[in-house]
Amino acid sequence: MSKPNLISRRGVIRAAAAATAMFACPVIAKAKPRVVVVGGGAGGATAAKYLRHGSDAIDVTLIEANRRYVTPFTSNLYLGGLKPFETLSFGYEGVAAHGVGLVFDQVAAIDRANKEVRTAGGARLGYDRLVLSPGIDFRWDAVPGYSEAAAERMPHGYRGGAQFQLLKSQLDALGDGALIVIIAPPNPYRCPPAPYERASMMAHALKSRGVKNARIVILDAKDHFAMQTLFIDGWERHYPGMIEWQDPTIHGGIKAVDPKAMTVTTDFETHKAALVNVIPPQIAGRLGRDAGLADDSGFCPVDAGTMASLIDPAIHVIGDSATGGEFPKSGFAANNEGKIAAMIIRADLVGDRRMPVRFTNHCWSDLAPDDAIKNGARYTPQDGKIVMSDPYTSQLDESPQLRAKQAREAAGWYIGMTTDIFG
Ligand SMILES: Cc1cc2nc3c(=O)[nH]c(=O)nc-3n(C[C@H](O)[C@H](O)[C@H](O)COP(=O)(O)OP(=O)(O)OC[C@H]3O[C@@H](n4cnc5c(N)ncnc54)[C@H](O)[C@@H]3O)c2cc1C
């Protein structure tokens, strides 16, 4: 006896419908191009968002080590007591809302040959294009006696939220007669005016708490620094006798730091300090260097017109890790570069419109509440390098009203910038 036919009538109709659909629509959906972005800071989060902004033609995944990003920009105001820590911290919900896939993990390696990124957690993500924005790393051994472990006693306060909080807790614990030593790095480093804005904000915090006879000594690797005359003028007006800047001809070089003894020894003397802020020389984030994308400078050379690596054109390096002419290392610039990389990649992969590449950079520094100075310039690619034009800087004789307006401008910029990156 033959077996009963177990396929139901409804099943037959479904199968027939599926077969009809198969023959009626022979087009197999084409996989979307895949872009992986590593680093969800000022550069990377911007690039991820703008790769998806108004279009879902590209699959975009952002890999970031931390679930929240703490902006280094305006962290000095937090030190100065002008901003609570919470206002520096951002999540990635806004970026995800644009259709960006999020992976919270440390990227361990880039396999350039197979166009694949591997995370510490074991994930492997293939890419057609990779955007790298891992920020900076430090030359830890450049300051004798300093190390990653020493940064727990002598914070650099130059990346990562915990370091800003450590620096602030040390600052808040200082009493009368305290000595702060800031070791300022050689060029190039992120945000050239930041160490000097930091000195201003530390002095402001101590002054507002009524701490007496505290001193801040800046031991610099450079013989001059950004907006120098404006900073020195501000220090004389707001914190007379409190901040002393020494160039290498005065201190003769840093011979050693001792985190246990809290001393800094120069060619001429040993400072016994209550707080030591060591900002070491900087290089590109480890990932780009390990992937062989850096040159002898320690940074990753790129074509300024596309932000594509000169070593691997499938990888765009943006933000502080990149080098190529007079790129400023700032959040403002990283945000611009993120948009440029997104535009170029969209044009290359899905034929979106390509506009001329150019951008500006403006940088505000607070000397005291309602007293901010600024500088900036335009940037245009020429022969693959970025070239600066029309630089400007604040003037010594600016009115208090203009300085107060610039301080409000800086606060407005921060809201606009963080909304553009994370909104
Ligand atoms: C004190 C201070 C003040 C500043 N003030 C200003 C200012 O007023 N204006 C201004 O424009 N700029 C300012 N800056 C500079 C600005 O913060 C940087 O230039 C900017 O953040 C650079 O962006 P980025 O994307 O290159 O790096 P970041 O913003 O540092 O982002 C890098 C991200 O990559 C992630 N990452 C790194 N490696 C990995 C990995 N292997 N796997 C996964 N994720 C990884 C990190 O967790 C981080 O989130 C200031 C900086 C400092 C320190």
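Is Arg 289 buried, exposed or partly exposed? In this predicted model, Arg 289 is partly exposed, its relative accessible area being 28%. The residue takes part in one of the salt bridges of the structure, of which there are 23.

The partner of Arg 289 is Asp 137, and the N to O distance of this salt bridge is 2.6 Å. The contact joins distant parts of the chain, since Asp 137 belongs to strand 10 and Arg 289 to helix 9 (residues 286-290), with their positions 152 residues apart. Asp 137 counts as buried, because its relative accessibility of 12% falls under the 20% limit for that class.

Asp 137 also forms a salt bridge with Arg 159, where the closest N and O atoms are 3.5 Å apart. Arg 159 is located in the loop between strand 10 (136-138) and helix 5 (161-172), whereas Asp 137 lies in strand 10, so this pair ties together parts that are 22 residues apart in sequence. Arg 159 is partly exposed, at a relative accessible area of 27%.

Elsewhere, a salt bridge connects Arg 34 and Asp 128, with 3.9 Å separating the closest N and O atoms. Here too distant parts of the chain are linked: Arg 34 is in strand 1 (residues 34-38), and Asp 128 is in the loop between strand 8 (124-126) and strand 9 (129-132), 94 residues apart. Arg 34 is partly exposed, with a relative accessible area of 38%, and Asp 128 is likewise partly exposed, with 28%.

Finally, the salt bridges include a network: Asp 233, Arg 237, Asp 371, Glu 398 and Arg 403 are joined through shared partners.

Notes:
Residues numbered from 1 in each chain as written. Predicted model: local features only at pLDDT ≥ 70, side-chain atom pairs only at ≥ 80, totals over all residues. Heavy atoms only, no water. Salt bridge = Lys/Arg side-chain N within 4 Å of Asp/Glu carboxyl O. Helix = DSSP H or I, 4+ residues; strand = E, 2+ residues; numbered from the N terminus. Buried < 20%, exposed > 50% of the residue type's maximum accessible area, 1.4 Å probe, protein only.
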